[in-house]
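I opened the file today and went through it piece by piece. These are my notes, in the order I looked things up.

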Amino acid sequence: TVECAVERTACLIGGGEAEAALDLLKEDPETLQAEEEHRLLMARAYLAQGNSFWAIGVLGRAVEERPGDCEARSWLVWLYMKDGDLDEAAAFLDDGDCFGGGDEIAARFALLETFHLIQSEGAKAALKKNPKWKAGVKRVFPEDVALYRLDRDLLLPHAIDPLRLKTELSVGYTSNAIMGSPADTTASGSMESFFIRPDVWMSFVPPLSRWVNPFVDAQVRSTVYLKGFGEEAGGTTPSQFTYLDVGARPGLMFLKDSYPRLSLAYRVNVFLLNKPTPLQEAPIVFYEGHRAEAELELPRLTFFGGVGRRLFDEQVRTRWELDGGIGGGIVLWNRLSLLGAVTVHSFMARDKGYNLFGATGLVAATVEVWKGLQFKAVASLGMDNYMDSSGYFEEGKTRKDTSVKVQAHVLSPSWKGLRGGLVYEFSDKFSTIDAYAYMDHRVELKLLWSYGFDVFSPRKSGVKPHVPLDYGLGEGG
């Protein structure tokens with residue numbers, strides 16, 4: 001049967017036995033060789049041998065005998081385009097009967113026509129001529145998902161996937177759990193601890209329009225310092241700096257598939273801290289934030305800013321915030337990626353001692369060392385001037401903080417978006433108020449996974465028997 005021949009040929013080709021598959025196909029009964037799928041199996045076996053000439057010959061005879069054999073026509077269109085013969089491909093593509101019906105074949109021809117237009121006129125002209133290129137592509141053969149992705153990536157190289165996920169799980173050691181904590185506290189005694197740090201971020205942008213689309217980002221992150229858990233209260237321990245930060249960011253995105261891309265959003269987050277106060281047991285709602293934010297993305301630069309209100313449990317710190325910045329990156333020699341950003345911020349607190357103006361600069365360099373193995377170096381410098389704090393934190397002094405941070409990452413090659421990493425971080429915070437000067441060394445092992453899902457891509461059909469067209473495009477094709 002055709003089903004048996006399809007399975008047999010697939011197994012032999014998958015095992016590197018294309019010649020054996022071809023010999024068996026030639027020995028099949030004439031009634032089986034007359035089937036449309038059998039001609040496709042012959043072509044697939046020839047292609048597995050690297051013999052596109054004979055594959056085209058088999059398919060050409062199939063179309064001569066059955067001019068309405070749209071599947072054989074689609075194979076010929078792809079093979080001719082792959083060989084750069086766009087005119088010959090157009091001759092087999094120009095058959096209106098294969099575009100009707102709304103089935104998998106019609107979807108394939110729509111994708112092939114789009115690819116042919118890209119090859120002959122360029123991506124920009126193709127998109128302008130056919131802006132609704134995927135309107136009729138609803139259900140496709142499994143391997144045609146790869147062709148859909150190729151068309152999409154060529155037409156919309158700056159598009160973002162509707163659903164994106166980033167997760168990170170770290171375990172490590174710190175010499176000072178206070179470093180980086182928003183508690184802005186002082187403590188005596190040992191603050192070293194092992195820690196666990198999970199971080200999950202998600203973004204969803206439904207493709208409702210070319211011009212304006214709603215979106216929502218959500219993030220849950222935490223750092224759990226293990227030292228001090230289960231111990232009786234008394235003194236400050238690293239575990240009291242354990243936190244959970246939960247946030248969401250709904251908004252509108254303009255021109256999501258191209259540049260310039262503008263996002264306007266409202267961000268809300270709640271920060272829980274495992275540190276008790278004289279009036280509350282831990283954990284406490286340390287603060288909640290409400291901000292309006294804007295972001296403008298250009299090909300190599302991003303401008304961003306926000307304004308809002310942060311409500312602290314320690315009410316003297318409740319403040320209005322205004323900040324903005326610019327960041328950008330460049331890739332050199334296909335192996336070195338350079339990133340940089342500068343931000344400025346101004347806080348106006350309920351108690352003027354916490355008013356501040358500051359700035360932060362960051363540079364990062366990532367180099368691919370060998371077969372996806374990466375080394376990344378990050379350095380940042382931050383300065384905060386508590387300009388109205390004279391005598392507030394210490395008699396006769398105005399508080400000014402300077403923070404320096406250096407990181408070194410070694411990241412494994414990516415496997416389906418998953419990487420492992422080893423990170424060393426050194427931080428040093430200088431302050432005119434000695435009690436707020438810290439130093440920290442951190443080492444951590446981490447797993448990172450990031451992936452984009454086109455959840456609105458065409459559905460794969462389960463039509464059988466089916467001979468897949470090998471596009472040579474990797475997974476799915």
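**Strands 6 to 8**

I began with strand 6 and strand 7 (residues 284–297): they run antiparallel and 13 bridges join them. Before going on, a reminder to myself that this is a predicted model. For a register marker on this pairing I took Arg-261, which stands opposite Glu-297 in strand 7.

Next I looked up how strand 7 continues. Its pairing with strand 8 (residues 301–312) is antiparallel too, over eleven bridges. Here I noted Arg-291, with Gly-308 of strand 8 standing opposite. How many residues does the hairpin from strand 7 to strand 8 go through? I got three residues for that hairpin.

**Strands 8 to 11**

I kept walking along the chain. Strand 8 and strand 9 run antiparallel, joined by ten bridges. The residue I picked out was Gly-306, and its bridge partner in strand 9 is Asp-323. The hairpin that joins strand 8 to strand 9 goes through six residues.

Then came strand 9 (residues 319–332) and strand 10 (residues 336–349), antiparallel and joined by 14 bridges. I wrote down two facing pairs for this one. Leu-322 stands opposite Ser-346 in strand 10, and Glu-321 stands opposite Phe-347 in strand 10.

Which residue in the turn between strand 9 and strand 10 has a positive phi? I found Trp-333, in a hairpin with three residues between the strands. Its phi is about 60°, and I flagged it since Trp-333 is not a glycine.

The last pairing I checked was strand 10 with strand 11 (residues 356–370). Twelve bridges join these two, again in the antiparallel sense. As a marker I noted His-345, which stands opposite Gly-358 in strand 11. Six residues make up the link in the hairpin from strand 10 to strand 11.

**Cis peptides**

I scanned the omega values next and noted two prolines. The bond from Tyr-259 to Pro-260 is cis, with omega near -5°. Pro-260 sits in the loop between strand 5 and strand 6. The bond joining Ala-282 and Pro-283 is also cis, with omega about 0°. I placed Pro-283 in the loop between strand 6 and strand 7.

**Aromatic pairs**

I ran the ring search over the whole structure and got 25 aromatic pairs. I took one of them, Tyr-354 with Phe-393, for a closer look: is it stacked or edge-to-face? The ring centres are 5.3 Å apart and the planes stand at 85°, over the 60 degree cut-off, so this pair is edge-to-face. I also checked where the two residues sit. Tyr-354 is in the loop between strand 10 and strand 11, while Phe-393 is in the loop between strand 12 (373–385) and strand 13 (400–411). They are 39 residues apart, and the pair links distant parts of the chain.

**The second largest pocket**

I moved on to the pockets and picked the second largest. Its volume came out at about 1000 Å³. The lining has 36 residues. Which of them lie nearest the centre? I listed Trp-133, Lys-134, Leu-156, Arg-210 and Asp-257.

Broken down by class, I have 21 nonpolar, four polar and eleven charged residues in that lining. For the helices, I noted that helix 9 (123–129) and helix 10 (144–155) each supply at least two lining residues. Helix 10 gives the largest share, with five residues.

**Asp-257 up close**

Asp-257 was on the list of residues nearest the pocket centre, and I looked up its surroundings. I located Asp-257 in the loop between strand 5 (243–254) and strand 6 (261–273), and Pro-260 is in that loop as well. What does Asp-257 touch, leaving out residues up to four places away in sequence? I got Leu-156, His-158, Ala-159 and Ile-160. Of these, Leu-156 also turns up among the residues nearest the pocket centre. Last, I noted a polar contact of 2.9 Å between the side chains of Asp-257 and Lys-256.

How values were computed: Residues numbered from 1 in each chain as written. Predicted model: local features only at pLDDT ≥ 70, side-chain atom pairs only at ≥ 80, totals over all residues. Heavy atoms only, no water. Helix = DSSP H or I, 4+ residues; strand = E, 2+ residues; numbered from the N terminus. Polar contact = N/O pair within 3.5 Å; in protein donor to acceptor, adjacent residues only side chain to side chain. Contact = heavy atoms within 4.5 Å. 1 Å grid on protein atoms, 1.4 Å probe; cavity = no way out; pocket = protein on both sides within 12 Å on 5 of 7 lines; lining within 4 Å. Points joined across faces, edges and corners; volume = space filled by probe spheres on them. Nonpolar A, V, L, I, M, F, W, Y, C, P; charged D, E, K, R; others polar. Pairing = 2+ DSSP bridges. Phe/Tyr/Trp six-rings, centres within 6.5 Å; stacked < 30°, edge-to-face > 60°.
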